[in-house]
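Got your viewer open? Let's take a walk through this one together, one selection at a time.

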Amino acid sequence: MNDKVTVSYFRQAKEEKKPITMLTAYDFPMGKLVDAAGIDSILVGDSLGNVVLGYGSTIPVTMEDMVHHVKAVARGVSRAMVVGDMPFLSYHLSREESVRNAGRMLQEGGAQAIKLEGGQEVAGTIRAIVTAGIPVMGHLGLTPQSVLTMGGYKVQGKDEAAARKLLEDALAVQEAGAFAVVLECVPTPLAKLITQKLDISTIGIGAGPYCDGQVLVTHDMLGFYGGHSPKFVRRFANLNDEITGALKNYKDEVVSGGFPGPEHGFTMSEEVLAKLK
Ligand code: KIV
């Protein structure tokens, strides 16, 4: 149970049909909590941009942002495999720069693997990164870094051509040496077929129950923000209400004089005090 999760764990879990669990984290306390809960892998996702940095998409997230947050998470984790997400344009300009950026996630950040988005068009990049000794997780289906070319956050692979392309992309990612692939917003039967065809693990998010593992954005599943959440998210807690209630309670207690109480203060000798008067 306490052995560090490696790529072999992913392989074995698939063979044994043991579901792989994955969640995101972006800082030390959440990394520590997710690891302590026994989750197999922690993705320091570029969803950092949406849920922590307050951007409207993942596109503004930089390598510096990612390395900073991967470091914080890795410091809190002992068992889970930490996966650093390669941000927008960090693996497109040249092979050399892609390998260097992927290496930073391990060398500076303390991650054990990286994730990147794309299929056949990034297969050569995946191969170069794996050749450098860096485990790669692919990401297909809805790839948020391409939201502008995709025309929005939509389910992918619904018609025959798009489904065939997704399957071919998954095979290309596997052939290039990736050890796992995230399938995001893919119809359940297609995700099932891809999972059956691949030897490497599929990790689903909005891809149904037949993937080899599941991932969610922790802030979504904890209900950190109120309002609408995607169809594929189940809220396992409602932290928004919990936190808002606690903050309002604090305000009321300070205003009414209920906090701090005598038990929250420190005493000193009357004698010392008298000398000051
Ligand atoms: O950035 C992220 O959190 C992700 C997951 C949604 C898979 O890529």
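Helices (H or I, at least four residues) and strands (E, at least two) are DSSP runs, numbered from the N terminus. With that in hand, select Asp-212, which is found in the loop between strand 7 (201-205) and strand 8 (213-216). Before going further, a word on the ground rules. This is a predicted model, where local features need pLDDT of at least 70 and side-chain atom pairs count only at pLDDT 80 or more, while totals for chains, interfaces and linings use all residues. Residues are numbered from 1 along each chain as its sequence is written, and side-chain values use heavy atoms, with hydrogens and water left out.

Back to Asp-212: is this residue buried or exposed? Asp-212 counts as buried because its relative accessibility is 13% (buried means under 20% relative accessible area, exposed over 50%, partly exposed in between, with a 1.4 Å probe and protein chains only). Now show what is in contact with Asp-212, contact meaning heavy atoms within 4.5 Å. Leaving aside neighbours within four places in sequence, you should find Lys-14, Lys-18, Pro-19, Ile-20, Thr-195, Ile-200, Ser-201 and Thr-202.

**Zoom out**

Show the whole protein chain. There are 12 helices and eight strands in it, and the C-alpha atoms fill a box of roughly 85 × 40 × 35 Å along the principal axes. Of the 277 residues, 47% count as buried. Take the contacts between residues at least 6 apart in sequence: 57% of them join residues at least 24 apart. The accessible surface (Shrake-Rupley method with a 1.4 Å probe; for residues, only the protein chains shown count as cover) comes to about 14,600 Å², and 57% of that belongs to carbon and sulfur atoms.

**Into the sheet**

Next, select residues 81-85, which make up strand 3. Five of the five residues there are buried, so strand 3 is largely enclosed by the rest of the structure. Turn the view and check both faces: Met-81, Val-83 and Asp-85 are buried on one side, and Val-82 and Gly-84 are buried on the other.

Who are the partners of strand 3? Two strands pair if DSSP finds at least two bridges between them. Strand 2 (residues 41-44) pairs with strand 3 in the parallel sense over four bridges, with Ile-42 matched to Val-82. Strand 4 (residues 113-115) also pairs with strand 3 in the parallel sense, over three bridges, and here Gly-84 stands opposite Ile-114.

**The core**

Stay on Ile-114 and color the nonpolar residues. A nonpolar core is a set of buried Ala, Val, Leu, Ile, Met, Phe, Trp, Tyr and Cys residues joined through side-chain atoms within 4.5 Å. The largest one has 71 residues, and those with the most contacts inside it are Phe-10, Ile-114, Leu-116 and Met-137. Beyond the neighbours within four places in sequence, the contacts of Ile-114 include Val-83, Met-86, Leu-106, Ile-129 and Met-137. In soluble globular proteins, nonpolar side chains tend to be buried together.

**Charged pairs**

Side chains of opposite charge can pair when their charged atoms come close. A salt bridge is a side-chain nitrogen of Lys or Arg within 4 Å of a carboxyl oxygen of Asp or Glu, and by this rule the count comes to eight.

- Select Arg-79 and Asp-40, whose closest N and O atoms are 3.0 Å apart. The pair links distant parts of the chain, 39 residues apart: Arg-79 sits in the loop between helix 4 and strand 3, and Asp-40 in the loop between helix 2 (28-36) and strand 2. Arg-79 is buried at 7% relative accessibility, and Asp-40 is buried at 4%.
- Select Glu-64 and Arg-104, also a salt bridge, with closest N and O atoms 3.0 Å apart. Glu-64 is in helix 4 and Arg-104 in helix 5 (residues 95-107), 40 residues apart. Add Glu-108 to the selection, since Glu-64, Arg-104 and Glu-108 are linked in a network of salt bridges.
- Select Asp-169 and Lys-165, which meet at 2.8 Å, N to O. Both lie in helix 8, four residues apart, about one turn of the helix. Asp-169 is buried at 6% relative accessibility, whereas Lys-165 is partly exposed at 41%.

**Last stop**

While you are in helix 8 (residues 160-175), pick Glu-168. Glu-168 counts as partly exposed, at 40% relative accessibility. Finish by drawing a line from Glu-168 to Gln-120: they are 48 residues apart in sequence and 7.7 Å apart in space, C-alpha to C-alpha.
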